[in-house]
Amino acid sequence: MQTVGRTRTHFLIRAWTTFVVLAIYLPIACGALAGLSKGRYFAFPIRIFSTEWWGKTWDSFEIHVLVQNSVLIALIVTVLSVLFAFFGALAFARYPWKGRRAFQRLLLLPIFFPQPVLGLALLLWFNALGISPTWKTAVVAHLVWIVPVVTLVIAIQVFSFDPVLEEAASDLGASRLFTLRTVTLPILWPGIWSGALFAFLLSWGNFPLSLYTAGADSTIPKWLYSKMVAGYTPMVPALGTMSTLTAAALLLGGGLVRFLLRRRAELRARER
Amino acid sequence: MSSVAASAQSDSPAASRTPRPVLQLVDVRKVFDGFAAVDGISLDIEEGEFVTIVGPSGSGKTTLLRMLAGLESPSEGYITLRGELINDVPSNRRPTCLVFQSLALFPHMTVGDNIEFPLRVRKMAPEERRKRALELMAKVRLPEDYYSKNVMLCSGGEKQRVALARAFAYDPDVLFFDEPLSALDYKLKKLLEKELKDLHRESGKTFVYITHSLEEAMVMSDRIGVMRAGKVVQIGTPEQIYSTPADRFVAEFFGEVNIVPIRRADGGWLRRDGKPVAVAPDLDIVGDEASVVIRPEYMRFVTEEAGADNTLTGTIFNEYSLGSRLQYQVRSRTGRTFLIEVPRAAAWKGDGEVTIGWDAGNAIVVGG
């Protein structure tokens, strides 16, 4: 009886996961194929395959500038939002004070605010202050929306952090800085890492905020959208596929580095 | 009750033994939002002593310990360590170390790294650190190969030993313990209590331990202080506390007891049911109300052959086996419940109706 149940469970698990993987990757695969079409227009089935558009995309100066903008914005947003979010998360998840709950709710509210409206509002503000929108204003706009998200991600880790550990470190003679360096930060690292990853991805893929606040500077999502609206070429899916592959390569690379580091630590521990 | 609090400092036998206390508390108070968690405690702790503070939860014992460790500062009063005022000295500048209830082991470190933490703070060289850690691991009976083990993979008892080794690595003058054994099973607890006592003797350090368990306090301590509502109601050797509790609270706290309320009448004492009570002749009670405290093992069944100074009748309504001994619950005619404990050989053979009693010399009379 039990084995029958187990076989059925396994079958359902497999069926479900296969469905999920297909549902996620089929559209991506179609997009990737679209980039490999020789024809200029988006049509299925693809008649002649070619890497022509990939080559053009790779060589395009315009695209280089786009990628640079997107990477720069995403990196700056990642660093700043992790910094803000780390201390913000500590403030409401670690220390008890009056109004921490109100602070937590206020902080999370911008997440629910529709991004196009937020982008427009910020643009109006920049105009009122006499700042002309560039990629720098886009960084500010991204931060407004991303810092709350990252704060939430890091706060989850901070909530599970036992403050007694800091007391114990102090009781064993450690200064505040030493405690932060050797106890608090190492324990919160996983949360900080995932927060940073979220920040980068949310900034990298953000369209509505960049549309309003980046001014004449373009980012990858902005360019993709404008090309879809007018002047489509297979460079659009080609660029999309390239960034997906890059992300996959980075993830695999990161995993590999982690694996190697862990193995080195284990070897060293065994040597001792 | 107030006369009891005043006697807190008086009956310490150690006071005459060593002239200078290592830790001294004078009228220490700690107030949180208008609530006095610690409400005026004066206490001397002698060099090399094992002092246990016992009390129910909420009695302020943890707050007291946190002030001694430097994790809270007192609202009023003075705490001195070897004659120096340490009220506002932060925990990382005190030569004291606290073993937390949760142990507070660093979960991202190995056993070795945990133990070496205080040595790393002092910038000791890695090789020396490692040597010292291994020495300490031997001292607390941790196998050497645990050095590179993830501390979160250790069992409860092993974690206990790691926490202890880490505290010793700090080499403090005074060690504090905040019920570190409370989460362990009975057998392991008993074993670690004995090891802790051995460690205390070998190291010669001063230990201050808090717990809510009478048994733990009795096994390990040189002196026991009983806390209630932010005050120390009695302090003395385990023997003193057990045999001469200062009041009903202490008597009841230290195990199951029978309480018989009595009142003064015509130079003698009467029970609630109007019968006279035989008490020890040298009784010194202020006021007209008092309680006779009789431990279950001093209660016995009264028969024609074996009488007792005081007797009462009732019915047995419960019987428990404690292994070599038996306990009975007896309900008296006035509706009070009495607990009586006898050797298995003296088990009650008759029906439910019994007469039980106690001798005046075996009972303690406390005021109130």
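Modeller: Domain bounds, on which the separation of domain centres rests, come from an automatic or database domain assignment. This is a predicted model, in which local features need pLDDT of at least 70 and side-chain atom pairs count only at pLDDT 80 or more, while totals for chains, interfaces and linings use all residues. Residues are numbered from 1 along each chain as its sequence is written, and chains are lettered from A and ligands numbered from 1 in the order in which they are written.

Colleague: What distance separates the centres of domain 1 and domain 2 of chain B?

Modeller: The assignment divides chain B into domain 1 (2-250) and domain 2 (257-367). Taken over C-alpha atoms, the centres of these two domains of chain B are separated by 38 Å.

Colleague: How many residues of domain 2 of chain B are in contact with domain 1 of chain B?

Modeller: Two residues are in contact if their C-beta atoms, placed from the backbone, lie within 7 Å. On the domain 1 side of chain B, the residues touching domain 2 divide into one nonpolar, two polar and two charged, where Ala, Val, Leu, Ile, Met, Phe, Trp, Tyr, Cys and Pro count as nonpolar, Asp, Glu, Lys and Arg as charged, and the others, Gly among them, as polar. Domain 1 of chain B gives five residues to these contacts, and domain 2 of chain B gives seven.

Colleague: Which element gives the largest share of the side of chain B that touches chain A?

Modeller: In the contact between the chains, 20 residues of chain B meet 17 residues of chain A. The elements of chain B that give two or more residues to this side are β6 (96-99) and α4 (111-121), helices (H or I, at least four residues) and strands (E, at least two) being DSSP runs numbered from the N terminus. By class, this side of chain B has 13 nonpolar, five polar and two charged residues. The largest share, three residues, comes from α4(B).

Colleague: Which are the edge strands of the open sheet β2-β1-β4-β5 of chain B?

Modeller: Two strands pair if DSSP finds at least two bridges between them, and the four strands of this open sheet of chain B pair in the antiparallel sense. Strand β1 (residues 21-32) of chain B pairs with β2(B) over nine bridges, with B:D44 in β2(B) as the bridge partner of B:Q24. The strands that pair on one side only are β2 (35-46) and β5 (84-85) of chain B.

Colleague: Which residue of β18(B) is the bridge partner of B:G314?

Modeller: Strand β18 (residues 353-358) of chain B runs antiparallel to β14 (residues 300-301) of chain B, joined by two bridges, and there B:F301 has B:I356 as its bridge partner. Six bridges join β18(B) to β15 (residues 310-321) of chain B, also antiparallel. The bridge partner of B:G314 in β18(B) is B:V354.
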